[in-house]
Amino acid sequence: MSAVLFDVPGPKARTRNVYLNIVTVIVVVGVIAFILFRFNESGQFTAKKWEIFTFPRVQEMFLTVIGATLKAFAVAAVGSLVLGIILAFGRLADTKWVRIPCYWFTELFRAVPLLILMMIMYYGLPSAGVKGITPFIAVVVGLILYNGSVLAEVFRAGIESLPKGQREAGLAIGLSNGQVLRTILLPQAVRAMLPVIIAQLVVIMKDTALGFLITYNEILYYANFLGSQGQYGSPVVPALMVAAVIYVGLCLILSGIAKYTEYKMSSRVKVVKAKAGIAG
């Protein structure tokens, strides 16, 4: 039986697809060329607007804000994964007094926009008498609450997609429900949902840029500061272009690390299965 779920394109369809691909590439290249042309016409590539980026102090500050961005990302990523696992286990608990609060917590913080969470943390809580809320805390807590709730659904969906026989077998040999979730179901769910988890981690990396709205000194905040320097021609567009390149580079590095981890995990599983087959 063929594994193809749709009709295989014929010669005419393949030719048509090639033409569509060519047209798509031409349109994309044309749009990029037009944007660059307009930037050039408006003087965005003049030496005066780019001079500020050649200063050693500016370059050192970029390294500093990149470090601040990575710090917020690292704390938020770990916190989101931990919160996501806890909420997923709570959603799958047998008792209603655990399952229902976890359900409403997840639905609430998935529905509230991330920027609103950050602003509530930074502007709302201090006005309510809560002290010590720094921009870093507001950014990290907002990211954890939102992305942890999203990852909770990812973990829950991954666990529920596994064959029910695995859960039943674990319970049959005397494991508790929590032990089955931790030792049998969660590792498999993580491997199955790893591409989605990676995508959400990239989202966390990019969402750190929202911190500039609550004065967190990260990449976009510093780029906005550089863009306001009138003595260098107010290089707003060049500063944003530099920030965009940095974000793209960081996300590509993160994706590469995650893909390598996924490859190593898949290789380890194949080795284990091969040994089990030889032993059997």
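## Close-up views of selected side chains and helices

**View A. Glutamate 160, with a relative accessibility of 46%, counts as partly exposed.** The structure is a predicted model, and this view is centred on the salt bridge that glutamate 160 forms with arginine 156. The closest N and O atoms of glutamate 160 and arginine 156 lie 2.9 Å apart. Both residues belong to helix H6, which spans residues 135-160. Glutamate 160 and arginine 156 are 4 residues apart, about one turn of the helix. Arginine 156 has a relative accessibility of 17% and therefore counts as buried, the limit for that class being under 20%. Glutamate 160 falls between the 20% and 50% limits and is therefore partly exposed.

**View B. Arg91, Glu153, Arg156 and Glu160 are linked in a network of salt bridges.** This view widens the previous one to take in the other members of the network, Arg91 and Glu153. The structure as a whole holds 5 salt bridges.

**View C. Arginine 57 and glutamate 60 form a salt bridge.** The closest N and O atoms of arginine 57 and glutamate 60 are 3.7 Å apart, which satisfies the 4 Å limit for a salt bridge. Arginine 57 and glutamate 60 are 3 residues apart in helix H3, so about one helical turn separates them. Arginine 57 is exposed because its relative accessible area is 55%, above the 50% limit. Glutamate 60, by contrast, has a relative accessibility of 44% and so counts as partly exposed.

**View D. Glutamate 107 pairs with arginine 110 in a salt bridge.** Here the closest N and O atoms are 2.9 Å apart. Glutamate 107 and arginine 110 are both in helix H4, and because they are 3 residues apart, the separation is about one helical turn. Glutamate 107 counts as partly exposed, with a relative accessibility of 24%. Arginine 110 counts as partly exposed as well, with a value of 33%.

**View E. Helices H3 and H4 pack at an angle of about 135 degrees.** Helix H3 covers residues 56-91 and helix H4 covers residues 96-111. The axes of the two helices are 7 Å apart. H3 and H4 are therefore oblique to each other, since an angle must be over 145 degrees to count as roughly antiparallel. The crossing of H3 and H4 is left-handed. Valine 98 lies in helix H4 and is partly exposed, with a relative accessible area of 22%. Between the C-alpha atoms of valine 98 and leucine 87 the separation is 9.5 Å. Along the chain, valine 98 and leucine 87 are 11 residues apart.

**View F. Six side chains form a nonpolar patch on the surface: Val23, Val27, Val31, Phe34, Ile35 and Phe37.** Together these residues present about 560 Å² of accessible area. Valine 27 is found in helix H1, which comprises residues 11-41. With a relative accessibility of 47%, valine 27 counts as partly exposed. That value exceeds the 30% required of a patch member.

**View G. Tryptophan 50 and tyrosine 232 are 8.0 Å apart in space, C-alpha to C-alpha.** In sequence, tryptophan 50 and tyrosine 232 are separated by 182 residues. Tryptophan 50 is placed in helix H2, formed by residues 47-50. Its relative accessible area is 25%, and tryptophan 50 is therefore partly exposed.

Note on methods: Residues are numbered from 1 along each chain as its sequence is written. This is a predicted model: local features need pLDDT of at least 70, side-chain atom pairs count only at pLDDT 80 or more; totals for chains, interfaces and linings use all residues. Side-chain values use heavy atoms; hydrogens and water are left out. Patches are made of residues with over 30% relative accessible area and no salt bridge: like charges are joined within 9 Å, nonpolar side chains (Val, Leu, Ile, Met, Phe, Trp, Tyr) within 5 Å. Accessible areas come from the Shrake-Rupley method with a 1.4 Å probe; for residues, only the protein chains shown count as cover. Buried means under 20% relative accessible area, exposed over 50%, partly exposed in between (1.4 Å probe, protein chains only). Axes are lines fitted to C-alpha atoms, for helices over the stretch in contact, and angles run from 0 to 180 degrees between N-to-C directions. Angles under 35 degrees count as roughly parallel, over 145 as roughly antiparallel, 65 to 115 as roughly perpendicular and the rest as oblique. A crossing is left-handed if the near helix is turned anticlockwise from the far one by less than a right angle, and right-handed if clockwise.
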